[in-house]
Amino acid sequence: MSFFIFPILCFVDDFNRVELGDQRSYINASHILMNVGEMEAHYIAAQGPRPHTSDHFWQMIWEQNVSVVAMLTLDVENGKVKCHQYWPHSVETPLSVCDG
């Protein structure tokens, strides 16, 4: 099953929230099931992470076996940071997340 992440503003409720790990904690993201023709597609809608939630964002991607991340907003709009840069600065620089 393929998953896609869309870092956008979304509404989270108990029935569709994305839980993290075994602690029953969760991230501000929602599962979305959608019929596309004969197939049922599974998406996850999420806000772009903040500096202190970037590890949780990557934990969600890992635990949910996400194969595609699609960002639907700019990281900076009108000089205001809208989303923490959760991707590497260059292809030569590895990204270290979830230290532990």
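In this predicted model, a convenient place to begin is the hairpin of β3 and β4, where two residues lie between the strands and Gly37 takes a positive phi near 65°. The two strands that this hairpin links, β3 and β4 (residues 39-46), run antiparallel and pair over eight bridges. One pairing can be picked out by eye: His31 has Ile44 in β4 as its bridge partner.

Following the chain back towards its start leads to another hairpin, that of β2 and β3. Here four residues separate the strands, and Gly21 adopts a positive phi near 55°. Strand β2 covers residues 17-20, and its pairing with β3 is again antiparallel, with four bridges between the two strands. Within this pairing, Leu20 sits opposite Ser25 of β3.

With the strands in place, attention can turn to the surface. Ile32, Met34, Val36 and Met39 together form a nonpolar surface patch of about 340 Å². Which strand gives the most to this nonpolar patch? The answer is β3, spanning residues 25-36, with three residues.

Met34 makes a helpful closer look, being a member of the patch that is located in strand β3. Its relative accessibility is 42%, so Met34 counts as partly exposed, a class that lies between the limits of 20% for buried and 50% for exposed. As general background for reading such a strand, side chains in a regular strand alternate between the two faces of the sheet.

Notes: Residues numbered from 1 in each chain as written. Predicted model: local features only at pLDDT ≥ 70, side-chain atom pairs only at ≥ 80, totals over all residues. Heavy atoms only, no water. Patch = residues over 30% accessible without salt bridge, like charges linked within 9 Å, V, L, I, M, F, W, Y side chains within 5 Å. Areas by Shrake-Rupley, 256 points an atom, 1.4 Å probe, with all protein chains shown as cover. Salt bridge = Lys/Arg side-chain N within 4 Å of Asp/Glu carboxyl O. Buried < 20%, exposed > 50% of the residue type's maximum accessible area, 1.4 Å probe, protein only. Pairing = 2+ DSSP bridges.
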